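User: Could you take a close look at one part of this model for me? I'd like to see what it is built into and how it sits with the rest.

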Amino acid sequence: MSFNSAASFNFPPQGFSLQWYENFFTDPAWLRALGSSLQVALVTMVVATSVGIMAAIGLSKVRFRGKALLESYFLTPLIVPGIVIAIGLYSLFLRFNLLGTLPGFVLAHTVVALPLVIINVTASLQGVDPRLEQASATLGAGRLRTFFSITLPLIMPGVTAGALFAFVTSFDEIILSLFIQSPQLQTLPVKIYNSVTQASDPTVAAVAVIAMFTSVLVMLTAQFATRKRKRVSA
């Protein structure tokens with residue numbers, strides 16, 4: 001349907017045309033939504049990856065009472081329905097004036113992306129030989145230098161996979177975005193949803209194809225990083 005020459009959702013297509021792709025790349029509203037999605041997804045990836053690395057290392061290296069409970073807490077967004085998280089964040093953001101703001105979007109998307117980073121980084125940490133870090137310490141390296149020189153390079157495949165998963169999760173997120181959007185800040189999934197429900201614009205089909213291929217490309221890259229991690233661990 002994205003290559004249909006007719007100005008409607010007809011299938012099979014009545015003719016071949018690239019007009020809907022052209023319309024997407026020339027329409028300021030669609031480009032603004034794409035830019036917002038990329039901005040939110042990139043910032044979310046950085047925040048979720050940074051926090052996820054620290055959380056994974058803390059959970060893997062430190063033993064304390066209530067550790068299992070804390071691990072379950074970090075992974076809760078994978079279990080709780082998205083609509084429940086969206087309603088809770090909406091009431092919270094309404095109180096702190098975060099609705100329709102970049103920090104609000106990043107915070108909300110980080111909540112659902114963080115568990116994916118923790119899972120991938122934790123899996124990589126399990127394949128790291130602790131004797132390497134101990135050897136670094138005995139040679140005079142501090143904890144920070146040991147982390148950047150020894151630990152981080154070894155877990156980099158897991159970090160890369162987690163970061164990519166965080167990006168695609170944020171880029172495709174629709175439920176949370178619908179609750180915290182504003183006329184000034186709408187992501188691409190929200191724009192697609194509004195176009196489908198409020199109009200009959202075949203440009204949506206072209207946008208869906210572009211978004212699908214973007215997500216598939218990122219996911220394949222994450223899978224490649226995961227396989228590389230397994231080969232390194234082996």
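Analyst: Happy to! A helix here is a DSSP run of H or I with at least four residues, and helices are numbered from the N terminus. With that in hand, let me take helix 7 (residues 143-172) as the part to look at. Please keep in mind that this is a predicted model.

First, the setting. The protein chain has ten helices and zero strands, so from the N terminus on its elements read α-α-α-α-α-α-α-α-α-α. Its C-alpha atoms fill a box of roughly 70 × 45 × 25 Å along the principal axes. Of its 234 residues, 41% count as buried. Among contacts with a separation of 6 or more, 71% are between residues 24 or more positions apart.

Let's begin with the pocket. The largest pocket has a volume of about 420 Å³, and 16 residues line it. Helix 2, helix 6 (130-138) and helix 7 are the elements that give two or more residues to that lining. Helix 7 gives the most, with seven residues. The lining residues nearest the pocket centre are E133, R143, T146, F147 and T151.

Helix 6 deserves a brief stop here, since S136 is found in it. At 11% relative accessibility, S136 falls under the 20% cut-off and therefore counts as buried. Leaving out residues up to four places away in sequence, S136 touches A141, T146 and I150. T146 thus turns up twice in this account: as a contact of S136 and as one of the residues nearest the centre of the largest pocket.

Now for the nonpolar packing. The largest nonpolar core has 20 residues, and F24, W30, F167, F171, L188, I192 and V207 are those with the most contacts inside it. Two or more of the core residues come from each of helix 2 (28-61), helix 7, helix 9 (188-198) and helix 10 (203-233). Helix 7 again gives the most, with seven residues. As background, nonpolar side chains in soluble globular proteins tend to be buried together.

F167 and F171 are worth a closer look. Both lie in helix 7, four residues apart, which is about one turn of the helix. F167 has a relative accessible area of 10% and is buried; F171, at 4%, also counts as buried. Their ring centres are 5.9 Å apart with the planes at 10°, so the pair is stacked: planes under 30 degrees apart count that way. This is one of eight aromatic pairs in the structure. For another kind of geometry, take Y73 and F74: their ring centres are 6.2 Å apart and their planes are at 65°, so that pair is edge-to-face. Y73 is exposed, at 60% relative accessibility.

Around F167 and F171, the other core residues are linked as well. V207 touches F24, W30, L188 and I192, once residues up to four places away in sequence are set aside. W30 has a further partner in K191, which lies over the face of the W30 ring at 5.2 Å from the ring centre. There is also a second, separate core of 13 residues, which includes A56, V117, V128 and I155.

Finally, two exposed places for contrast. F16 sits in the segment before helix 1 (19-26), and with a relative accessible area of 66% it is exposed. Its contacts, beyond neighbours within four places in sequence, are F3 and S5. Ring pairs link F3, F16 and Y21 into a cluster. F16 and I118 are 102 residues apart in sequence and 45 Å apart in space, C-alpha to C-alpha. The other place is N97, in the loop between helix 4 (82-95) and helix 5 (102-125). Most residues other than glycine have a negative phi, yet the phi of N97 is near 55°, a positive value. N97 is exposed too, with a relative accessible area of 64%.

To pull this together, helix 7 gives the most residues to the lining of the largest pocket and the most to the largest nonpolar core. At the pocket, R143, T146, F147 and T151 are among the residues nearest the centre, while in the core F167 and F171 are among those with the most contacts.

How values were computed. Residues are numbered from 1 along each chain as its sequence is written. This is a predicted model: local features need pLDDT of at least 70, side-chain atom pairs count only at pLDDT 80 or more; totals for chains, interfaces and linings use all residues. Side-chain values use heavy atoms; hydrogens and water are left out. Rings of Phe, Tyr and Trp (its six-membered ring) pair if their centres lie within 6.5 Å; planes under 30 degrees apart count as stacked, over 60 as edge-to-face and the rest as tilted. Buried means under 20% relative accessible area, exposed over 50%, partly exposed in between (1.4 Å probe, protein chains only). A charge sits over a ring if NZ of Lys or CZ of Arg is within 6 Å of the ring centre and within 35 degrees of the ring normal. A nonpolar core is a set of buried Ala, Val, Leu, Ile, Met, Phe, Trp, Tyr and Cys residues joined through side-chain atoms within 4.5 Å. Contact means heavy atoms within 4.5 Å. On a 1 Å grid over the protein atoms alone, a cavity is a set of points where a 1.4 Å probe fits but cannot get out, and a pocket is an open set with protein on both sides within 12 Å along at least five of seven lines; lining residues have an atom within 4 Å of a point. Grid points are joined across faces, edges and corners, and a volume is the space filled by probe spheres set on the points.
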